[in-house]
Each structure stands twice: as C-alpha cells, then as structure tokens.
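Grab your viewer and work through the exercises below. Each one gives a task, then a solution in steps.

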Amino acid sequence: MMKEVGYTSIALVLETWDIARFMDKQFETEFGLKAVQKMFEMEPRTKAVFGYDKSEEEGRAHMEIHARAFPGLLDSVIQMLGPDVEFIEEILSQVGERHRAMKVNPSYFPFLGKALLETLEESMQRKLSENERMAWEEVYDEISNVIIRTILKQ
C-alpha cells in the first residue's frame, strides 16, 4: 500500500513542478522526451522496452508516444497527492499492468527517477535544494513502488 506523503513534500513537489512548467516554454512537448533520453544515456538497456531492439524507427515511434504521455501522467498523479491515496494507487496499478505487459524491468525505475530529477532541474534552470530533492525522491519512490509491486505480481 502506498504511504501518505507529507504535506511539506507535496508542497515542494508541486511548487518545483510549477516552476519547471513556467520556466521551460517547451515543457509540454519536450520534458518527457528529455527525461527518456537521459534514462537511455544512464541505462542503454532501457531502449529495448520501447522496441529499439527491433528497429530504430519502431523504437523512436514507441518512445515518443510514451515520452509525450509521461509529463501528463506525472502531473495528474502529483496533483492528486494527499490523504486519498487509494485512487492514486488504482491509477498507478493500471500503469503497472501496462508496464508488466511491456515486460519492463523494475530495475529501470531508479534510472527514470534520476533522469526525471535532472530534467526537472534543467527545466527550472536551477538545481533542486536538498529539501526539494528529498521531497521528489519521496514522491517518486512511492509512485514507482506501486508500479513495481504491480509488475512483480503473478
């Protein structure tokens, strides 16, 4: 079960997310693409999830669909953070089911988390403070843990 994230963490995540969206004029179209590209650089094996092992063209097309959806999904989840975690868990479990069907390796999630934070800092045009980073890590860990638990369910 997803634990309730503290108010301070939620406030810091929402604040920095809004700063990134405001500062980066191409946020909606580019954030997910940048994050996924960073993940590929950190762990090239993640490219196989998107079909790059079959062909560059297929991989690129599949990756672009997912990368463009990523900021919207993340935005929806962080906007709903708070005391009612059951609804968020239901959504994240559905995401986990799709990731299980795609045979996503749970070990890839830390790479996406690191890529997310780096891309966020680029969009904000500044480094995250220690408290902001800890808040994002707490939120991302909770989100990814629900997805990973669903992937690992038999």
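Helices here are DSSP runs of H or I, at least four residues long, numbered from the N terminus. Val 77, for instance, falls in helix 3. Keep in mind that this is a predicted model.

**Exercise 1. Confidence**

Task: Find the mean pLDDT of the chain, and say which elements have the lowest and the highest mean.

Solution.
- Step 1: Start with the whole chain, where pLDDT averages 93 and 99% of the residues score at least 70.
- Step 2: Go element by element. Helix 3 comes out lowest, with a mean of 92, and helix 5 highest, with 97.

**Exercise 2. The largest pocket**

Task: Work out the volume of the largest pocket, how many residues line it and which helix gives the largest share of the lining.

Solution.
- Step 1: Rolling a probe the size of a water molecule over the atoms shows where empty space is left.
- Step 2: For the largest pocket, the volume is about 540 Å³.
- Step 3: The lining holds 24 residues, and those nearest the pocket centre are Phe 70, Leu 73, Val 95, His 99 and Leu 112.
- Step 4: Now assign the lining to elements. Helix 2 (27-42), helix 3 (56-79), helix 4 (85-101), helix 5 (109-124) and helix 6 (130-152) give at least two residues each. The largest share is that of helix 3, with seven residues.
- Step 5: Sort the lining by type, and you get 20 nonpolar residues, three polar ones and one charged.

**Exercise 3. The second largest pocket**

Task: Do the same for the second largest pocket: what is its volume, and how does its lining divide by residue type?

Solution.
- Step 1: The volume is about 160 Å³.
- Step 2: Collect the lining residues; among them are Phe 109, Lys 114, Glu 118, Arg 133, Trp 136, Tyr 140 and Asp 141.
- Step 3: Two elements, helix 5 and helix 6, give two or more residues to this lining.
- Step 4: By type, the lining of the second largest pocket splits into five nonpolar, two polar and five charged residues.

**Exercise 4. An aromatic cluster**

Task: Classify the ring pair of Trp 17 and Trp 136, then that of Phe 27 and Phe 31, and say which cluster these rings form.

Solution.
- Step 1: A ring pair is described by the distance of the centres and the angle of the planes. The count for this model is six aromatic pairs.
- Step 2: Trp 17 and Trp 136 sit 5.9 Å apart, centre to centre, with 50° between the planes, which makes the pair tilted.
- Step 3: Check the sequence positions. Trp 17 is in helix 1 (residues 7-23) and Trp 136 in helix 6, 119 residues apart, and the pair links distant parts of the chain.
- Step 4: Check burial, with a cut-off of under 20% relative accessible area. Trp 17 has 0% and therefore counts as buried; Trp 136 is buried too, at 0%.
- Step 5: Turn to Phe 27 and Phe 31. Their ring centres are 4.7 Å apart and their planes meet at 35°, so this pair is tilted. Both residues belong to helix 2, four residues apart, about one turn of the helix, and both are buried.
- Step 6: Put the pieces together: Trp 17, Phe 27, Phe 31 and Trp 136 make up one aromatic cluster.

**Exercise 5. Charges over rings**

Task: Find which lysines lie over the faces of Phe 22 and Tyr 52.

Solution.
- Step 1: Over the face of Phe 22 you'll find Lys 25, at 4.8 Å from the ring centre.
- Step 2: Over the face of Tyr 52 lies Lys 47, at 4.8 Å from the ring centre.

**Exercise 6. Positive phi**

Task: Describe the phi angle of Lys 103 and of Gln 125, and say whether each residue is buried or exposed.

Solution.
- Step 1: Most residues other than glycine have a negative phi.
- Step 2: Lys 103 has a positive phi, near 60°. It sits in the loop between helix 4 and helix 5.
- Step 3: Gln 125 isn't a glycine either, and its phi is about 65°. Its place is the loop between helix 5 and helix 6.
- Step 4: Exposed means over 50% relative accessible area. Lys 103 has 71%, so it is exposed; Gln 125 has 55%, so it is exposed.

**Exercise 7. Two residues of helix 3**

Task: Say whether Val 77 is buried or exposed, and find the C-alpha distances from Val 77 to Ile 88 and from Ser 76 to Leu 120.

Solution.
- Step 1: Val 77 has 1% relative accessibility, so it counts as buried.
- Step 2: Val 77 and Ile 88 are eleven residues apart in sequence, and their C-alpha atoms are 6.5 Å apart.
- Step 3: Ser 76 is in helix 3 and is partly exposed, at 37%.
- Step 4: Ser 76 and Leu 120 are 44 residues apart in sequence and 16 Å apart in space, C-alpha to C-alpha.

Note on methods:
Residues are numbered from 1 along each chain as its sequence is written. This is a predicted model: local features need pLDDT of at least 70, side-chain atom pairs count only at pLDDT 80 or more; totals for chains, interfaces and linings use all residues. Side-chain values use heavy atoms; hydrogens and water are left out. On a 1 Å grid over the protein atoms alone, a cavity is a set of points where a 1.4 Å probe fits but cannot get out, and a pocket is an open set with protein on both sides within 12 Å along at least five of seven lines; lining residues have an atom within 4 Å of a point. Grid points are joined across faces, edges and corners, and a volume is the space filled by probe spheres set on the points. Ala, Val, Leu, Ile, Met, Phe, Trp, Tyr, Cys and Pro count as nonpolar, Asp, Glu, Lys and Arg as charged, and the others, Gly among them, as polar. Rings of Phe, Tyr and Trp (its six-membered ring) pair if their centres lie within 6.5 Å; planes under 30 degrees apart count as stacked, over 60 as edge-to-face and the rest as tilted. Buried means under 20% relative accessible area, exposed over 50%, partly exposed in between (1.4 Å probe, protein chains only). A charge sits over a ring if NZ of Lys or CZ of Arg is within 6 Å of the ring centre and within 35 degrees of the ring normal. pLDDT is the predictor's confidence in each residue, from 0 to 100.
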